[in-house]
Every structure is written in C-alpha cells, then in structure tokens.
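This report covers the fold, the nonpolar core, the aromatic rings and the charged pairs of one protein. Please keep the structure open while reading.

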Amino acid sequence: MFRHRWNVLSILTAAVFVSAALTFACADDDDTSPTGPSEPDGHAEEDDHGPGEEELITTLKITLTPSGGGAPLTVQFQDLDGEGGNAPVVDRIVVDAGMVYAGSVQVLNETESPPENITEEVEEEAEAHQFFFDTLGGFSTATVVYSDKESDYVTNSGADHPVGIKFELSVPENAANGQLRVRLSHYDDAPKDGTTLSDETDIDVTFNVEVRS
C-alpha cells in the first residue's frame with residue numbers, strides 16, 4: 001500500500017489563496033517510522049525508487065467542460081521549482097451562471113519528461129483516496145457532485161465510495177464570485193467512509209472563481 005504525505009505551502013496573492021502540498025514520498029508496508037505534519041513519509045514507485053525517496057508534485061489541473069457543449073476550460077496550480085523557490089502560478093476559474101460543467105482533476109510531476117501522472121496512483125489506490133470540493137464565499141451556492149466511484153478504477157473490497165477524479169459542477173443563476181477549494185484526502189489509519197475528510201491531506205488548493213452573468 002502506498003503511503004503519501006505532502007508538505008503544505010500557503011501563499012496569498014491578489015488573485016488567490018493557495019495551500020498546496022508540493023512533495024510526497026511513499027513507504028513500503030513494513031516501514032514503521034513515525035509520521036507527523038512535518039515528517040514526510042512514504043514510498044516511491046515500487047519498480048523505480050527505494051523506500052523513503054521523494055517525488056516532486058508540481059501541478060494540479062482542473063478541467064471543466066460545459067454540459068451543453070462548448071470548449072473545455074482547464075486551470076491549474078503549478079510550481080515547477082517546488083517549495084521555497086519562485087511563487088507558484090495559479091489560474092483563476094471563470095464560469096457562467098446557470099451552467100453545469102463536467103469536471104476532472106489531474107495531478108502531475110512536470111519536472112520529469114514526459115510528465116509523471118500522479119493521478120494514476122490515486123486511481124490505483126482509489127479505496128484510500130478521495131477529492132473533496134468546497135464552494136466558498138459568493139460561490140457557495142454552486143454545488144459539486146461526484147461522477148465516479150472506487151469500482152471505476154479498482155476492484156473495491158467494501159462499500160463503493162466516491163473518488164472525485166471526475167465530478168459535476170452546477171453553477172446556479174444566483175452564484176457570485178468566490179472560491180473553489182480542492183482537497184485530496186489520503187486514508188491510512190482511519191477508514192474511508194465517503195463523506196469524512198482524513199487527517200492526512202495529500203494536496204489542498206483554493207482557486208478564486210469569477211462568475212459571469
């Protein structure tokens with residue numbers, strides 16, 4: 001089982017507040033070293049890395065496709081040089097009032113060539129991961145509904161909980177500018193129940209949202 005831990009970076013700019021984890025490392029199942037918020041632990045991929053090695057996570061992308069047709073919108077958080085370097089580049093989400101969007105999330109390491117798709121590991125460990133979405137401020141009237149579940153990616157062993165790589169975003173006519181917060185919970189010690197955040201967060205990003213009338 002993979003175990004992920006990301007260091008948390010909080011950045012306040014004029015456009016957006018971002019709290020994002022930039023690195024994770026994975027540990028083999030027999031790694032019993034203690035973990036904590038300031039002690040990354042985990043394992044790198046079994047075939048390519050030894051226990052305790054870290055992988056850089058540079059990018060979180062959200063793609064929103066209008067349900068009635070139209071060009072998809074892709075926005076991202078990107079920090080190619082990691083924590084402590086240059087400030088990350090964070091896009092603003094622009095959506096239309098009264099619109100429903102099919103959404104998806106992707107997490108990448110773009111320092112590798114080709115970029116490493118970390119989302120594939122989330123799919124492989126669907127029973128231990130779940131994205132959570134919060135609509136905030138004037139955007140709080142918007143709603144997010146999951147469009148996937150664990151059995152879309154793995155043969156799940158228990159209840160078929162959502163994962164959140166795919167979702168539907170509904171923006172009502174009365175929605176206003178606000179924020180969309182995206183968090184990826186990792187379930188290690190506590191069981192996943194489909195509704196409760198874990199005490200382990202793999203990534204936490206808040207985007208500013210502009211709603212067009």
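## A strand pairing to start with

Which residue in S5 does Thr63 stand opposite? The residue is Thr74. The model behind this statement, and behind the rest of the report, is predicted.

S4 and S5 run antiparallel and are joined by six bridges. The two strands form a hairpin, with six residues between them. In the turn, Gly69 has a positive phi of about 105°. S4 is also joined to S8, again in antiparallel fashion, by eight bridges. Within that pairing, Pro66 has Tyr101 in S8 as its bridge partner.

## Overall makeup

The protein contains one helix and 14 strands. Of its 213 residues, 46% are buried. The accessible surface is about 10000 Å², and carbon and sulfur atoms account for 47% of that area.

Among contacts with a separation of 6 or more, 66% are between residues 24 or more positions apart. Several of the side-chain pairs described below also link distant parts of the chain, including Phe133 with Phe167 and Glu150 with Lys192.

One peptide bond deserves a separate entry. Ser113 and Pro114 are joined by a cis peptide bond, with omega about -5°. Pro114 sits in the loop that runs between strand S8 (99-109) and strand S9 (116-117).

## The largest nonpolar core

In soluble globular proteins, nonpolar side chains tend to be buried together. Here the largest nonpolar core has 35 residues. Which of them touch the most other members? They are Ile62, Val95, Phe131 and Phe139. At least two core residues come from each of S4 (59-66), S5 (73-78), S7 (93-96), S8, S10, S12, S13 (178-186) and S14 (201-212). S14 gives the most, with five residues.

Phe139 can be followed further. Leaving aside neighbours within four places in sequence, Phe139 is in contact with Val95, which is another of the four residues named above. Phe139 also contacts Leu169, Val171, Ala175, Ala176, Asn177, Gly178 and Gln179. Val209 and Val211 are on the list of its contacts too.

## Aromatic rings

The structure holds three aromatic pairs. One of them is formed by Phe133 and Phe167, whose ring centres are 4.5 Å apart and whose planes make an angle of 40°, a tilted arrangement. Phe133 belongs to strand S10 (residues 129-137) and Phe167 to strand S12 (residues 166-171), so this pair links parts of the chain that are 34 residues apart.

Are the two residues buried or exposed? Phe133 has a relative accessibility of 13% and counts as buried, because the cut-off for buried is under 20%. Phe167 is buried as well, with a relative accessible area of 2%. Both residues belong to one aromatic cluster, together with Phe131 and Tyr146. Phe131 is also one of the four core residues that touch the most other members.

## Salt bridges

Side chains of opposite charge can pair when their charged atoms come close. There are five salt bridges in the structure, and three of them are described here.

The side chains of Arg212 and Asp96 meet at 2.8 Å, N to O. Arg212 is in strand S14 and Asp96 in strand S7, so this salt bridge ties together parts that are 116 residues apart in sequence. Both residues are partly exposed: Arg212 has a relative accessible area of 43%, and Asp96 has a relative accessibility of 23%. Arg181 and Asp204 form another salt bridge, at 2.6 Å, N to O. Arg181 lies in strand S13 and Asp204 in strand S14, 23 residues apart. Arg181 is partly exposed at 26% relative accessibility, whereas Asp204 is buried at 10%.

The third salt bridge joins the side chains of Glu150 and Lys192, at 3.1 Å, N to O. Both partners are in loops: Glu150 between strand S11 (143-146) and S12, and Lys192 between S13 and S14, 42 residues apart. Glu150 is buried, at 2% relative accessibility. Lys192 is also buried, at 10%.

Notes:
Residues are numbered from 1 along each chain as its sequence is written. This is a predicted model: local features need pLDDT of at least 70, side-chain atom pairs count only at pLDDT 80 or more; totals for chains, interfaces and linings use all residues. Side-chain values use heavy atoms; hydrogens and water are left out. Rings of Phe, Tyr and Trp (its six-membered ring) pair if their centres lie within 6.5 Å; planes under 30 degrees apart count as stacked, over 60 as edge-to-face and the rest as tilted. Helices (H or I, at least four residues) and strands (E, at least two) are DSSP runs, numbered from the N terminus. Buried means under 20% relative accessible area, exposed over 50%, partly exposed in between (1.4 Å probe, protein chains only). Contact means heavy atoms within 4.5 Å. Accessible areas come from the Shrake-Rupley method with a 1.4 Å probe; for residues, only the protein chains shown count as cover. A nonpolar core is a set of buried Ala, Val, Leu, Ile, Met, Phe, Trp, Tyr and Cys residues joined through side-chain atoms within 4.5 Å. A salt bridge is a side-chain nitrogen of Lys or Arg within 4 Å of a carboxyl oxygen of Asp or Glu. Two strands pair if DSSP finds at least two bridges between them.
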